[in-house]
Amino acid sequence: MENVGEFVRVEADPDNPAVAVIRIDRPKALNALNGRVTEEIAEAAARVSSDDSVRAVVLYGGERAFVAGADIKEMAELTHAKMLEYSRALQNALTAVARIPKPVVAAISGYALGGGCELALCADFRVVGAKARLGQPEILLGVIPGAGGTQRLPRLIGPAKAKDLVFTGRHVKAEEALEIGLADRVVEDDEVYSAAVELVARYADGPAVALAAAKEAIDRGLETDLDTGLEIERLQFSGLFATEDQKAGMRGFIEQGPGKATFEGR
């Protein structure tokens, strides 16, 4: 176990050392995002991004809550000028998670509301406990989501469904989250962590450079027009012909058939 700071640590899964776990642990506040937690999440994202021994990542808040939301007590009295600074740091931290160049899954137990839902949206996949609740309730406070909820959520579930959640601020149960595409898998609450590791560990032996290229091509492509997205894809595809994994993968296919190659992540 390695502490990033007071409330966040990065650790290797004991059964899958190539899987890093970013563990948010502020239990008295149900992992609410304050300035300190936000800063430590950014540091954790940078750490797993730069560590070549990490091939996949799990975001986990424990059994009681993923992240219950932002720390409203901390932000309630902020001025407009202070919130400009505060919100930039929050967005930058979550964007750092979204840009981890490795497969990332959010393991969600309990509440993932407001900033917690926005953090979950930064993962590639979401495994949700049967009793979990997700949502963007900011409208009930007289504001709107400020860390990606109005942007990442409609890209994931479509604009109409996103507007329903943002306009009403209602909580979504696990089965509805699965139905609308906000969850990728629903499991019993005590299986959330193990199911998340199982999901993401399948990529740990894959071609790490190609996986990073695929993630960037998809994510960047969603941010632009089709022609630009196709050019991003073409350049990423061509660039992979400079990797050892491309040579191993194609040689393995020719000599042994599909799915036999061993990748080194280079």
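The expected span of a helix is 1.5 Å times one less than its number of residues. Keep that rule handy for the first view; everything in these close-ups comes from a predicted model.

**View 1. Helix α9, checked against the ruler.** Helix α9 covers residues 208–222, which makes 15 residues, so at 1.5 Å a residue it should span 21 Å. Its end C-alpha atoms are indeed 21 Å apart, so the two values agree. Now look for the side of the story that is tucked away: Ala213, Lys215, Ala217 and Gly221 of α9 are buried. What do the buried residues of α9 pack against? They sit against α3 (80–98), β5 and α10 (226–239).

**View 2. Strand β4, wrapped up by its surroundings.** Strand β4 takes in residues 56–60, and 5 of the 5 are buried, so the strand is largely enclosed by the rest of the structure. Follow the side chains along β4: Ala56, Val58 and Tyr60 point one way, while Val57 and Leu59 point the other way. Whichever way they point, all of them are buried.

**View 3. The neighbours of β4.** Start with strand β3 (residues 16–24), which pairs with β4 in the parallel sense over 5 bridges. To find your place, look for Arg23, standing opposite Tyr60 in β4. Helix α1 (residues 35–50) joins in here too: β3, α1 and β4 make a right-handed β-α-β unit. Then turn to strand β5 (residues 104–108), which runs parallel to β4 and is joined to it by 4 bridges. Here Leu59 has Ala106 of β5 as its bridge partner.

**View 4. From β5 on to β7 and β10.** Strands β5 and β7 run parallel, with 4 bridges between them. Which residue of β7 is the bridge partner of Ile108? Look for Val128. Strand β7 (residues 125–129) is mostly covered, as 4 of its 5 residues are buried. Another 3 bridges join β7 to strand β10 (residues 185–187), again running parallel. In this pairing, Gly129 stands opposite Val187 in β10.

**View 5. Inside the nonpolar cores.** The largest nonpolar core has 48 residues. Ile22, Leu59, Phe66, Ile108, Leu119 and Leu182 are the ones with the most contacts inside it. Zoom in on Leu119: setting aside neighbours within four places in sequence, it touches Ile24, Ile41, Leu59, Phe66, Val67, Leu94 and Val97. There is also a second, separate core of 16 residues, including Tyr60, Val127, Val192 and Ala201.

**View 6. Two cysteines that don't bond.** A disulfide is a covalent bond between the sulfur atoms of two cysteines. How many disulfides does a search of the whole structure find? The count is 0. Take Cys117: the closest cysteine sulfur, in Cys122, is 10 Å from its own, and that is too far for a bond, given that a disulfide needs sulfur atoms within 2.5 Å. Are these two residues buried or exposed? Cys117 is buried, with a relative accessible area of 1%, and Cys122 is buried as well, at 3%.

**View 7. Pro14, out in a loop.** Pro14 lies in the loop between β2 (8–13) and β3. Its relative accessibility is 72%, and because anything over 50% counts as exposed, Pro14 is exposed. For a sense of scale, pick out Ser49 too: Pro14 and Ser49 are 35 residues apart along the chain, and their C-alpha atoms are separated by 19 Å.

Notes: Residues are numbered from 1 along each chain as its sequence is written. This is a predicted model: local features need pLDDT of at least 70, side-chain atom pairs count only at pLDDT 80 or more; totals for chains, interfaces and linings use all residues. Side-chain values use heavy atoms; hydrogens and water are left out. A nonpolar core is a set of buried Ala, Val, Leu, Ile, Met, Phe, Trp, Tyr and Cys residues joined through side-chain atoms within 4.5 Å. Buried means under 20% relative accessible area, exposed over 50%, partly exposed in between (1.4 Å probe, protein chains only). Contact means heavy atoms within 4.5 Å. Helices (H or I, at least four residues) and strands (E, at least two) are DSSP runs, numbered from the N terminus. Two strands pair if DSSP finds at least two bridges between them. A crossover is right-handed if, with the strands pointing away from the viewer, the path from the first strand over the helix to the second runs clockwise.
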